[in-house]
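Thanks for making the time this morning. I would like to walk through one small set of coordinates with you, and I will try to keep each statement tied to what can be computed from them.

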Amino acid sequence: MSDALIFGIVFIVFVVLRIVAATVFFLCLLPDGDRCPNCDTPTLRIQSRGWNLLMPWFRTSWCYACNWEGMLRNGPLSPQPHTQEQTRHDVKT
Ligand SMILES: [Zn+2]
């Protein structure tokens with residue numbers, strides 16, 4: 001085996017390992033759930049054709065409070081606030 005071939009194999013292995021490590025690192029950085037990473041407000045799920053097609057396991061989100069837009073990991077969702085109709089329904093039953 002020539003030295004150039006060994007160098008090429010080792011170089012490609014290191015490049016692949018760097019890509020895997022960066023992917024895992026940034027995956028761990030993404031917050032889970034539906035809270036905005038800027039202001040901790042519950043975000044709204046939006047439809048992004050490209051991102052949802054490429055990475056359907058992430059939640060494309062938009063924050064209506066600070067206009068943040070990005071992807072979050074799927075996780076526990078914030079409880080929805082009671083609307084007036086739900087409150088009336090709760091009182092009747
Ligand atoms: Zn926000």
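Before I come to the hairpin, one definition is needed: two strands are said to pair if DSSP finds at least two bridges between them. Please also keep in mind throughout that what you see is a predicted model.

With that criterion in hand, S2 and S3 pair in the antiparallel sense over 5 bridges, and these two strands form a hairpin with 6 residues between them. Within that turn sits Asn67, whose phi is positive, at about 65°. Most residues other than glycine have a negative phi, and Asn67 takes its positive value although it is not a glycine. Asn67 is exposed, because its relative accessible area comes to 57%, and exposed is the term for anything over 50%. Asp40 behaves in a comparable way as far as the backbone goes, in that it has a positive phi of about 65° and is not a glycine; Asp40, however, is found in the loop between H1 and S1, whereas Asn67 lies in the loop between S2 and S3.

Let me now widen the view to the sheet. In what order do the strands of the open sheet run? The order is S1-S2-S3, with 3 strands and antiparallel pairing. The edge strands are S1, residues 44-45, and S3, residues 69-73, each of which pairs on one side only. S1 and S2, the latter covering residues 58-62, pair in the antiparallel sense over 2 bridges. Trp62 is a convenient residue to follow across the sheet, since on one side Leu44 stands opposite Trp62 in S2, and Trp62 in turn stands opposite Glu69 in S3.

As for the chain overall, the secondary structure comes to 3 helices and 3 strands, and from the N terminus on the elements run α-β-α-β-β-α. Buried residues make up 16% of the 93 residues in the protein. Among contacts between residues at least 6 apart in sequence, 43% join residues that are at least 24 apart.

I turn next to the metal. Which residues coordinate the zinc ion? They are Cys36, Cys39, Cys63 and Cys66, each through its SG atom, at 2.2 to 2.3 Å. Along the chain, these donors follow the spacing C-x2-C-x23-C-x2-C. The angles among the 4 donor atoms run from 104 to 117°, and the site is tetrahedral; the assignment holds because four donors count as tetrahedral if all angles lie between 85 and 135 degrees. The donors can also be looked at by accessibility, for Cys63 is buried, with a relative accessible area of 0%, while Cys66 is partly exposed, at 34%.

With several cysteines in the chain, one may also ask about disulfides. How many disulfides are there? A disulfide is a covalent bond between the sulfur atoms of two cysteines. Taking a pair of cysteine sulfur atoms within 2.5 Å as the criterion, the count comes to 0 disulfides. A further cysteine, Cys28, counts as exposed, at 56% relative accessibility.

The aromatic side chains deserve a moment as well, as the structure holds 3 aromatic pairs. The rings of Phe7 and Phe11 have their centres 5.8 Å apart and their planes at 25°, so this pair is stacked. Phe7 and Phe11 are 4 residues apart in helix H1, which covers residues 3-29, and that separation amounts to about one helical turn. Is Phe7 buried or exposed? Phe7 is exposed, with a relative accessible area of 58%. Phe25 and Phe26, by contrast with the stacked arrangement, form an edge-to-face pair, with 5.3 Å from centre to centre and 75° between the planes. Phe26 is exposed as well, with a relative accessible area of 53%.

I will finish with a proline. Pro79 has its place in the loop between S3 and helix H3, residues 84-92, and at 73% relative accessibility Pro79 counts as exposed. Although Pro79 and Pro42 are 37 residues apart in sequence, their C-alpha atoms are 9.3 Å apart in space.

Key. Residues are numbered from 1 along each chain as its sequence is written. This is a predicted model: local features need pLDDT of at least 70, side-chain atom pairs count only at pLDDT 80 or more; totals for chains, interfaces and linings use all residues. Side-chain values use heavy atoms; hydrogens and water are left out. Donors are N, O and S atoms within 2.8 Å of the metal (3.2 Å for Na, K and Ca); water is not among the atoms, so sites may look incomplete. Four donors count as tetrahedral if all angles lie between 85 and 135 degrees; four count as square planar and six as octahedral if opposite donors are over 155 degrees apart and all others between 65 and 115; anything else is irregular. Buried means under 20% relative accessible area, exposed over 50%, partly exposed in between (1.4 Å probe, protein chains only). Rings of Phe, Tyr and Trp (its six-membered ring) pair if their centres lie within 6.5 Å; planes under 30 degrees apart count as stacked, over 60 as edge-to-face and the rest as tilted. Contact means heavy atoms within 4.5 Å.
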